[in-house]
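Colleague: Take me through the labels, one at a time. What stands behind each word?

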Amino acid sequence: MTARTTRCTTAKTRTSRLAAVAALAVAGSVLLTACGDQTDSGGTTTPTKGGGSASANTAPLFSKLPADIQKSGVIKVGTDASYAPMEFTEGGKIVGVDPDIAQALSKQLGVELRFTSGTFDGLITSIYSGRQQLIMSSMTDNKKRQEGLDDNGKKIGKGIDFVDYFSSGVSLLVKKGNPEGVNSLDGLCGKTVAVQRGTIYEDTFKAQATKCGDKKLTIQAFDSDAEAQTRVKAGGAVADLNDYPVAAYIAKTSGGGNDFEVVGSQSDVGLFGIGVSKENTQLRDAVKEALDAIIKDGTYAQVLKKWNVEGSAVASATVNAGK
């Protein structure tokens with residue numbers, strides 16, 4: 001149920017991702033969606049610093065990289081930069097949690113991580129074709145993606161490996177100060193909630209309504225998440241539901257941080273992974289080691305704090321730990 005199913009598609013297939021874009025209407029931030037075709041010439045490209053000549057490179061993990069990357073000084077990274085705060089475009093540049101983590105990784109690896117934004121559903125294919133070498137796009141690590149299976153379990157590709165770097169579920173967004181004292185889904189029984197129509201969050205609220213039984217949970221569904229947020233802000237509903245990083249970003253930015261807050265524990269928690277070809281275990285292992293290094297030296301925690309998503313920290317890098 002966590003992030004990144006499909007995006008830049010029709011309304012029927014947009015679930016959590018549609019909410020992410022609409023959230024910015026209330027947050028008051030500028031979002032320039034950069035959906036391309038995942039070709040080398042398509043989309044928005046943003047580099048990270050950290051590269052240098054192979055002969056002079058003294059970065060701690062430069063020698064662990066494949067020879068072709070050492071020679072080029074670049075790792076090509078595919079993303080879909082339309083999911084604030086994880087990755088989005090601002091002033092023509094790709095910014096967010098993932099680019100900041102990539103910047104920290106680049107200092108360990110000694111090469112540039114060059115982001116190109118395209119369509120989310122083309123990212124894994126871009127790894128297969130070699131157009132990209134990594135994926136950093138809030139992609140949930142799961143067995144189907146690891147094994148190259150579609151939703152029906154049919155083999156459609158080689159699959160990819162993941163270096164897991166972020167833990168995320170769904171969270172409740174309430175009015176600042178939490179006047180109704182809501183701290184869990186069970187605490188919503190007998191109250192009214194607002195949600196974007198047709199999303200996985202509406203399904204979660206419907207399941208909770210069944211659980212509440214006679215202590216009725218009233219669900220108000222809207223065309224956009226921005227409308228649901230407005231309803232909560234006005235006091236007409238006690239809570240909205242969204243992916244944790246999105247909810248945290250809204251709480252931090254909307255009304256200068258004075259409109260909302262995130263409450264309770266995350267539910268349906270899963271892992272986001274940095275995708276890499278199964279055939280490139282050397283790059284995978286170098287990225288894993290770099291991630292462990294920035295976790296150990298505190299840089300990773302600083303990035304999450306900057307974006308108000310400390311609750312999604314992982315204790316160490318893992319490979320293919322998603323279910």
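Colleague: Tyr165 and Phe166: buried or exposed?

Modeller: Tyr165 is buried, and Phe166 is too. Buried means under 20% relative accessible area, exposed means over 50%, and partly exposed lies in between (1.4 Å probe, protein chains only). This is a predicted model: local features need pLDDT of at least 70, side-chain atom pairs count only at pLDDT 80 or more, and totals for chains, interfaces and linings use all residues. Residues are numbered from 1 along each chain as its sequence is written, and side-chain values use heavy atoms, leaving out hydrogens and water.

Colleague: Why is helix α8 called largely enclosed?

Modeller: Count its residues. α8 covers residues 244–253, and 8 of its 10 residues are buried, so the rest of the structure largely encloses it. The buried ones are Tyr244, Pro245, Val246, Ala247, Ala248, Tyr249, Ile250 and Ala251. Just after α8 comes Gly255, with a positive phi of about 60°.

Colleague: How do you know where a helix or strand begins?

Modeller: They are DSSP runs, numbered from the N terminus: helices are H or I with at least four residues, strands are E with at least two.

Colleague: How many aromatic pairs does the structure hold?

Modeller: There are 5 aromatic pairs. One of them is Phe88 with Trp307, at 6.0 Å centre to centre and 85° between the planes. Rings of Phe, Tyr and Trp (its six-membered ring) pair if their centres lie within 6.5 Å; planes under 30 degrees apart are stacked, over 60 edge-to-face, and the rest tilted. The angle of 85° is over 60, so Phe88 and Trp307 are edge-to-face.

Colleague: Where in the chain do Phe88 and Trp307 sit?

Modeller: In distant parts: Phe88 is in strand β4 (residues 87–90), while Trp307 is in the loop between α10 and β13, 219 residues apart. Phe88 has 1% relative accessibility, so it counts as buried. Trp307 has 12%, so it is buried as well.

Colleague: What makes the pair of Tyr165 and Phe166 tilted?

Modeller: Their ring centres are 6.3 Å apart and the planes differ by 45°. That angle is neither under 30 nor over 60, so the tilted label applies. Elsewhere, ring pairs link Phe88, Tyr249 and Trp307 into a cluster.

Colleague: Now charges. Why is Lys64 with Glu289 called a salt bridge?

Modeller: The rule asks for a side-chain nitrogen of Lys or Arg within 4 Å of a carboxyl oxygen of Asp or Glu. The closest N and O atoms of Lys64 and Glu289 are 3.0 Å apart, so the pair passes. The partners lie 225 residues apart: Lys64 is in the loop between β1 (45–46) and α2 (67–72), Glu289 in helix α9 (residues 281–297). Lys64, at 36% relative accessibility, is partly exposed. Glu289, at 34%, is partly exposed too. The structure has 13 salt bridges by this rule.

Colleague: Which residue does Asp161 meet in a salt bridge?

Modeller: Asp161 meets Lys278, with 2.7 Å from N to O. Asp161 lies in strand β8 (residues 160–175), and Lys278 in the loop between β12 (260–277) and α9, 117 residues apart. Asp161 has a relative accessible area of 4%, so it is buried. Lys278 has 34%, so it is partly exposed.

Colleague: What about Asp285 and Arg284?

Modeller: They form a salt bridge, with the closest N and O atoms 3.0 Å apart. Shared partners join Asp161, Lys278, Arg284 and Asp285 into one network.

Colleague: How do helices α3 and α9 pack?

Modeller: α3 (residues 97–109) meets α9 at an angle of about 105°, with the axes 9 Å apart. Roughly perpendicular covers 65 to 115 degrees; under 35 is roughly parallel, over 145 roughly antiparallel, and the rest oblique. So α3 is roughly perpendicular to α9. The axes are lines fitted to C-alpha atoms, for helices over the stretch in contact, and angles run from 0 to 180 degrees between N-to-C directions.

Colleague: Which residues of α3 take part?

Modeller: Ile101, Ala104, Leu105, Gln108 and Leu109, which meet residues of α9 including Ala286, Val287 and Ala290. Contact means heavy atoms within 4.5 Å. The contact residues divide into 10 nonpolar, 1 polar and 1 charged. Nonpolar covers Ala, Val, Leu, Ile, Met, Phe, Trp, Tyr, Cys and Pro; charged covers Asp, Glu, Lys and Arg; the others, Gly among them, are polar.
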